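Here are my notes for you to read with the model open. Take them one point at a time and find each spot on screen as you go.

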Amino acid sequence: MQKIGLRFATGIATGRAVALTLALVGASRASVARGQDITEFAISPTAGPIEIAAGPDGALWFTENEANRIGRITAAGVLTEFPAASGASHPYGIAAGPDGNLWFTEDGRTIGRITPAGVVTEFPLPAGGGLLSGIAAGPNGNLWFTEHAHRIGQITPAGIVTEFPTPAGDSVPLGIVAGPDGNLWFADFEGRIGRITPTGVVTEFPIPTPGGEPTDIAAGPDGNLWFTELSGNKIGRITPAGIITEFPTPSAGSAPYGIAAGSDGNIWFAESRTNNIGRITPRGDFTEFPLPQAGDGLAGIAAGPDGNVWFTEQAGNRIGRIALSAMPPPSSCSADATTLCLSAGRFDVRVQWTASSIGQSGPGWAIPLTADTGAFWFFQPSNLELLVKVLDGRVVNGHFWVFYGALSDVGYTIRVTDTTTGQSKTYINPEHTLASGADTEAF
């Protein structure tokens with residue numbers, strides 16, 4: 001496994017508060033993609049930003065992995081940069097702490113703390129272990145962080161460190177977040193999602209996709225945890241009880257990295273290889289928003305205090321903002337007399353029929369039955385002619401499934417439209433044919 005832009009370092013420095021401030025309002029690049037409002041702010045050309053977090057001061061704070069700095073950017077795009085330490089500290093994860101400061105992880109097994117004024121203090125960890133990655137505020141007033149060498153660490157605001165080994169000897173914990181159940185949850189790059197209690201009891205749940213490489217994790221608006229699979233090109237969801245569902249991203253080879261819950265009730269993620277910001281609803285519907293130019297190398301993502309979503313461009317050396325107020329809502333079906341809305345409202349189903357023997361044709365009249373299933377009548381409401389079902393089979397083979405069954409030999413055409421992607425499928429039954437169909441790779 002290769003972490004983005006990380007190198008080993010051993011230098012430790014404390015109390016550094018020298019700042020470089022740049023007014024970037026004039027340097028920002030605002031672009032519209034598919035009618036959306038995406039703004040990008042250029043930062044230092046060698047910064048290599050990785051993780052980003054909302055700070056207690058109303059600004060966004062991020063790690064400059066290559067430049068060995070901590071950056072701060074306001075909603076207006078004004079940037080301030082603070083040296084993290086002397087030497088190559090390569091800061092990586094960052095999170096707001098319960099003490100009103102920002103906390104971050106570094107190479108050399110060091111945890112850093114930076115005040116909103118930019119004063120840095122560093123706490124060396126005990127000898128041994130590996131690189132540090134994610135960090136998050138826990139439910140017990142401490143900060144929790146991940147160590148590549150099969151450990152989860154805890155540090156108090158006073159700098160007292162405790163480390164807990166994970167059960168799997170090959171685990172590589174990366175992203176970490178506080179869950180709705182009072183525990184911490186982490187993404188294990190070796191194919192597991194982990195849970196650790198405040199007392200240090202660790203449980204890990206294997207993901208269904210071999211080699212999926214869970215990378216980052218966030219608490220969702222639905223009471224579950226959501227995570228990215230870097231090589232699996234999927235977004236995963238795990239309940240507090242450990243039940244996992246995976247959703248393949250629309251773009252092949254997307255390599256989703258950072259993930260965060262937005263203020264709009266959806267989950268947002270950064271696609272590191274396709275240069276898209278992705279959105280997934282709690283029910284699993286995707287929308288992707290491409291950035292204005294290729295090769296930005298998206299990494300971290302976070303909900304900002306301004307109600308927008310902010311993200312880092314590790315290769316492009318920019319901080320991006322996507323205005324949620326300008327985002328179109330996830331598409332959904334609108335049911336009416338001739339339209340069924342199936343699979344939690346995602347699929348629009350309509351029917352046209354023809355009976356040439358009597359010289360008649362017309363629309364099928366819809367009768368909803370369940371969230372997945374409905375019927376159509378052609379001549380009178382008491383005489384059903386057709387049943388249609390759309391199931392979400394993505395957990396099995398990555399596709400939605402369409403089933404239909406005829407109750408007469410009238411000719412008909414079924415049109416099923418995915419309102420999220422706009423893709424449609426048509427199924428035709430010739431007259432004088434009594435047939436049923438099953439398409440397990442429909443969408």
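**Notes on the fold**

1. Let's start with one pair of residues: I238 has I244 as its bridge partner in β23. Zoom out a little and you'll see the strands they belong to, with β22 (residues 234–238) and β23 pairing in the antiparallel sense over 5 bridges. Keep in mind throughout that this is a predicted model.

2. Now look at the sheet around that pair. It is an open sheet of 4 strands, running in the order β20-β21-β22-β23 with antiparallel pairing. Which strands stand at the edges? They are β20 (214–219) and β23 (244–248); each has a single partner strand, so one side of each is left without a neighbour in the sheet. On average, neighbouring strands here are turned by 25° against each other, direction ignored.

3. There's another sheet to find earlier in the sequence numbering. Here too 4 strands make an open, antiparallel sheet, in the order β12-β13-β14-β15. Its edge strands are β12 (132–137) and β15 (161–165), and each of them pairs on one side only. The twist from one strand to the next averages 20°. Inside this sheet, β13 (residues 143–147) and β14 (residues 151–155) are paired in the antiparallel sense over 5 bridges. For a concrete example, pick F145: its bridge partner in β14 is G153.

4. Next, try a loop. N266 sits between β24 (256–261) and β25 (267–271). Is N266 buried or exposed? Its relative accessibility is 7%, so N266 counts as buried, because the cut-off for buried is under 20%. Its side chain makes a polar contact of 3.1 Å with the side chain of D264. Leaving out residues up to four places away in sequence, N266 also touches a set of residues that includes P221, R279, T281 and P330.

5. How many disulfides does a search of the whole structure find? The count is 1, and the link joins C333 to C341, with the sulfurs 2.1 Å apart. The angle about the S-S bond is -70°, and the link is left-handed. C333 has 13% relative accessibility, so C333 counts as buried.

6. Time for the inside. In soluble globular proteins, nonpolar side chains tend to be buried together. In this model, the largest nonpolar core has 24 residues, and V349, F376, L386, V388, Y412, I414 and V416 are those with the most contacts inside it. At least two residues each come from β31 (340–342), β32 (347–355), β36 (384–393), β37 (399–406) and β38. The biggest contributor is β32, with 5 residues. Click on F376 to get a feel for the packing: not counting residues up to four places away in sequence, F376 touches L340, V349, W365 and L386, among others. A second, separate core has 14 residues, including L291, V309, F311 and I322.

7. Finally, go to T419, in the loop between β38 (411–418) and β39 (424–429). T419 counts as buried because its relative accessibility is 16%. What lies 2.6 Å from a polar atom of its side chain? That's the backbone oxygen of R346. Now compare sequence with space: T419 and G345 are 74 residues apart in sequence, and their C-alpha atoms are 8.7 Å apart.

Methods. Residues are numbered from 1 along each chain as its sequence is written. This is a predicted model: local features need pLDDT of at least 70, side-chain atom pairs count only at pLDDT 80 or more; totals for chains, interfaces and linings use all residues. Side-chain values use heavy atoms; hydrogens and water are left out. Buried means under 20% relative accessible area, exposed over 50%, partly exposed in between (1.4 Å probe, protein chains only). A polar contact is a pair of N or O atoms within 3.5 Å; within protein, one must be able to donate a hydrogen and the other to accept it, and residues adjacent in sequence count only if both atoms are side-chain atoms. Two strands pair if DSSP finds at least two bridges between them. Axes are lines fitted to C-alpha atoms, for helices over the stretch in contact, and angles run from 0 to 180 degrees between N-to-C directions. A disulfide is a pair of cysteine sulfur atoms within 2.5 Å. Contact means heavy atoms within 4.5 Å. A nonpolar core is a set of buried Ala, Val, Leu, Ile, Met, Phe, Trp, Tyr and Cys residues joined through side-chain atoms within 4.5 Å.
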